[in-house]
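Biologist: Before we use any descriptive words for this model, I would like each of them set against its definition. Could you take me through them?

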Amino acid sequence: MAMNNGMRRMGQCPQEQISSRMQERCPMQMEMRDRKSVVKCVYETGFALVETMLYLDTHPEDREALAYFAKMKEQYKMCVERYNEICGPLRFTDVNDDNYWTWVMTPMPWEMEG
Amino acid sequence: MWSYEKRLEYPICIKQTNPTLAAMIISQYGGPDGEIGASMRYLSQRFAMPYREVASVLTDVGTEELNHLEMVSTMVHQLTRNLSMEQIKGTPFEAYYVDHTAGVWPQAAGGIPFTAVEFQSSGDVIADLFEDLAAEQKARKTYDNLLRLTDDSDVLEPLKFLRQREIVHFQRFGEALRIVQDKLDSKNFYAFNPAFDKGWKCNK
């Protein structure tokens, strides 16, 4: 069995892989900073939504929490729209391409980092 | 129904492989207090939960546990990527490798395969919620034990996130139990089982 010898670090962090792939297929050479901030926004607002949802399940009349949920939902929606433009579809219903089923083109979550 | 969002709930990027640690972390995928058991427990129990707020907690926590089992599998996968035979031989990962190579399969750290016996769906509202409270604490305990096994921050950060979620879920299940008890006979919570005994009034 042909195997490399000794300890070997993983060649490339998944994030580096995804960013190089992204540059290959991104028509407008998005800046890394822009991509990073939109991914961070999806993670943060997405988490705020999950956390608020669970809280609201047992506190359905908490108007402060309802207002926070509405605010986060709006931000999340904006971030996801930008994410779809820069990184590809987050959900299969976000696919918006006449030429290729881009759902199968973007990395799986375990390959990447946010 | 469920709809897939193509991302993790919390970002994971582990640069340094570590098959020994992977063989321990796999327990939170398919072990006695792991995420598969958690998700299947809550998603199964929902059908015997007559109160909508609490059925929503079971649905939404059960769904978040699916995110968590994806995170745990991701950690196992990244810790075992591109391994050489020298890195596998003599480690606790060696026995796992014989059957599963570097694939992800649900088992406990001690090698016991996942089984539905790890959780209960009792059809009794109070019994189920007490099991859920205990399950969250047992999962928190496993994350505490895993956190003591490494100083790799790429592994520590997602483990700390997952540990914190167990505590939040415990809180929500405590509130769910209070909601249920408020709807029962305050002199005897066990006078009837609202999910089974006939004669209880529909209470939305």
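Modeller: What follows takes a few descriptions in turn and gives the reasoning behind each. The model is predicted, so local features need pLDDT of at least 70 and side-chain atom pairs count only at pLDDT 80 or more, while totals for chains, interfaces and linings use all residues. Residues are numbered from 1 along each chain as its sequence is written, and chains are lettered from A and ligands numbered from 1 in the order in which they are written.

Biologist: Why is B:Ala22 called buried?

Modeller: A residue is buried if 20 or more other C-beta atoms, placed from the backbone, lie within 10 Å of its own, exposed if 12 or fewer, and partly exposed in between. B:Ala22 has 25 such neighbours inside 10 Å and therefore counts as buried.

Biologist: What is B:Ala22 in contact with, leaving aside its neighbours within four places in sequence?

Modeller: Contact requires C-beta atoms, placed from the backbone, within 7 Å, and B:Ala22 is in contact with B:Val76, B:Leu79, B:Thr80 and B:Phe93. B:Ala22 itself is found in helix α1 (residues 19-25) of chain B, where helices are DSSP runs (H or I, at least four residues) numbered from the N terminus.

Biologist: Why is B:Asn82 described as partly exposed, and B:Thr101 as exposed?

Modeller: B:Asn82 has 13 other C-beta atoms within 10 Å and is therefore partly exposed, whereas B:Thr101, with 11 C-beta neighbours inside 10 Å, counts as exposed. B:Asn82 lies in the loop between α4 (52-79) and α5 (85-88) of chain B, and B:Thr101 in the loop between α6 (94-100) and α7 (125-147) of chain B.

Biologist: What makes the phi of B:Asn82 worth a remark?

Modeller: Most residues other than glycine have a negative phi. B:Asn82 is not a glycine, yet its phi is positive, about 55 degrees.

Biologist: How do you know that α3(B) and α4(B) are roughly antiparallel?

Modeller: Helix α3 (residues 35-45) of chain B and α4(B) pack at an angle of about 160 degrees, with their axes 8 Å apart; axes are lines fitted to C-alpha atoms over the stretch in contact, and angles run from 0 to 180 degrees between N-to-C directions. Angles under 35 degrees count as roughly parallel, over 145 as roughly antiparallel, 65 to 115 as roughly perpendicular and the rest as oblique, and α3(B) and α4(B) are therefore roughly antiparallel to each other.

Biologist: Why does the same term apply to α7(B) and α8(B)?

Modeller: The axes of α7(B) and helix α8 (residues 153-183) of chain B cross at roughly 165 degrees, and these two helices are therefore roughly antiparallel to each other.

Conventions
Two residues are in contact if their C-beta atoms, placed from the backbone, lie within 7 Å.
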